[in-house]
Amino acid sequence: KGTVVLAATPIGNVLDASARLVALLKDADIVAAEDTRRLYDLANRLGVHVNGKVIAYHDHNEQEKSKRLLDQVEEGACVLVVSDAGMPTINDPGLAIVRRAIERGIPVTCAPGPSAVLDALALSGLPTDRFCYEGFLPRKHAERMQYLRSMQSEQRTMVFYETLHRIDDSMKDLLETFGPNRPMALCRELTKDYEEIRRASIAEVLHSVQENPPRGEMVLVVAGASDDEALAAAPAALPIEDLAVLAI
Ligand code: SAM
């Protein structure tokens, strides 16, 4: 019987590839890869021969490709979906085929593995019991500030993906929104040789970014608001009657 399988791929260290990923690369009838060249490169490094058909499946064609792929699953094919790194659908292609498979009652499963969000969260040293994944912040300063302000009373640990081009600007906006003292971690080049975690206050991490600009891929993990901070940030959105309740 045909199935769709989403599989996580390494985010830096090829040894993080699971045994299940290796088997799927070998055995899947069709491999839908975000970038086919990177897929073959990964297979080479794992010493796996990809026997199935490989097709490009990315942000720009995933809607149209999903329908045909699912027709093939209905005919009995096993379709493996992989992105360039980490878990498909997490700021990567994959959601379109999952949604359509659910609509059509087609089995979809997952071969889990590396994803930068959980790696960074676990290494941050910040509370992990409740967290929110925020993907990439808006590119433009005004939109980024508006977005961050909407999170001023967020009490869960927040995880943001970031790029080296915007890290300086984003850090300044984090400082303006959450203040200088909020603990955070900048997690860089996870699982790679130059993995580095900078754990400090927002002001200290901003200073380090300016002194020693981080290279490579990075994730920012920011502590949530304390009860006092959340209360101080909330009133603007509350009517007067609710403020009276909060004061009791
Ligand atoms: N699907 C991926 C996942 O599950 O993590 C995320 C893909 S997203 C297009 C790429 C972003 O993930 C990077 O800009 C960075 O924020 C983060 N990332 C991926 N690999 C990383 C690594 N080795 N170290 C730190 N951040 C990483």
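1. Strand E2 (residues 30-33) and strand E3 run parallel and are joined by four bridges. Within this pairing, Ala32 has Ile55 of E3 as its bridge partner. The model discussed here is a predicted one, and each statement below should be read accordingly.

2. The pair E2 and E3 belongs to an open sheet of five strands, ordered E3-E2-E4-E1-E5, in which the pairing is parallel. The edges are taken by strand E3 (53-56) and strand E5 (108-111); each has a single partner strand, so one side of each is left without a neighbour in the sheet. On average, and with direction ignored, neighbouring strands of this sheet are turned by 25° against each other.

3. Helix H4 (residues 95-104) lies across three strands of this sheet, namely strand E1 (3-7), strand E4 (78-82) and E5. Relative to E5, H4 runs at about 140°.

4. H4 also packs against helix H3 (residues 62-74), with an angle of about 45° and a separation of 9 Å between the axes. H3 and H4 are therefore oblique to each other, and their crossing is right-handed. On the H3 side the contact is made by Glu62, Gln63, Ser66, Lys67, Leu69 and Leu70, and on the H4 side by Ala96, Ile97, Arg100, Ala101 and Arg104. By class, the residues of the contact of H3 with H4 comprise five nonpolar, two polar and four charged.

5. There is another open sheet, also of five strands, with the order E6-E7-E10-E8-E9 and mixed pairing. Its edges are strand E6 (131-136) and strand E9 (196-201); as each has a single partner strand, one side of each is therefore left without a neighbour in the sheet. From one strand to the next, the twist averages 15°.

6. Which sense does the pairing of E8 and E10 take? These strands pair in the antiparallel sense, over five bridges. Met184 has Val222 in E10 as its bridge partner. Two helices that pack on this sheet may be considered next. H5 touches E6, E7, E8, E9 and E10, and its direction makes about 50° with that of E10. Helix H8 (residues 202-211) touches E8 and E9, and its direction makes about 135° with that of E9.

7. H8 has a further packing partner in H7: the angle between the two is about 160°, and their axes are 10 Å apart. An angle over 145 degrees counts as roughly antiparallel, and H7 and H8 are therefore roughly antiparallel to each other. Their crossing is left-handed. From H7, the residues Ile167, Asp168, Met171, Lys172, Leu174, Leu175 and Phe178 meet Ile202, Ala203, Val205, Leu206, Val209 and Gln210 in H8. The class division of the residues in the contact of H7 with H8 is 10 nonpolar, one polar and two charged.

8. How are helix H6 (residues 141-149) and helix H7 (residues 167-178) arranged? They pack at an angle of about 40°, with 10 Å between their axes, and H6 and H7 are therefore oblique to each other. H6 passes H7 in a right-handed crossing. The residues brought together are His141, Arg144, Met145, Leu148 and Arg149 in H6 and Asp169, Ser170, Asp173, Leu174 and Thr177 in H7. In this contact of H6 with H7, three residues are nonpolar, three polar and four charged. Leu174 of H7 is listed in the contact with H6 and also in the contact with H8.

9. The surroundings of the ligand remain to be described. How many residues surround the ligand? There are 24, and the closest are Gly86, Ser115, Ala116, Tyr161 and Leu190. At least two residues of the shell are supplied by each of helix H5 (116-124), strand E7 (157-162), strand E8 (183-188) and strand E10 (218-222). By class, the shell around the ligand is made up of 11 nonpolar, seven polar and six charged residues.

10. The ligand shell may also be related to the sheet of point 5. E7, E10 and E8 take part in the order E6-E7-E10-E8-E9, and each of these strands supplies at least two residues of the shell around the ligand. H5, which packs on that sheet, likewise supplies at least two residues of the shell.

Note on methods. Residues numbered from 1 in each chain as written. Predicted model: local features only at pLDDT ≥ 70, side-chain atom pairs only at ≥ 80, totals over all residues. Axes fitted to C-alpha atoms, helices over the stretch in contact; angles between N-to-C directions. Parallel < 35°, antiparallel > 145°, perpendicular 65-115°, else oblique. Left-handed = near helix turned anticlockwise from the far one by under 90°. Contact = placed C-beta atoms within 7 Å. Nonpolar A, V, L, I, M, F, W, Y, C, P; charged D, E, K, R; others polar. Near = placed C-beta within 6 Å. Pairing = 2+ DSSP bridges.
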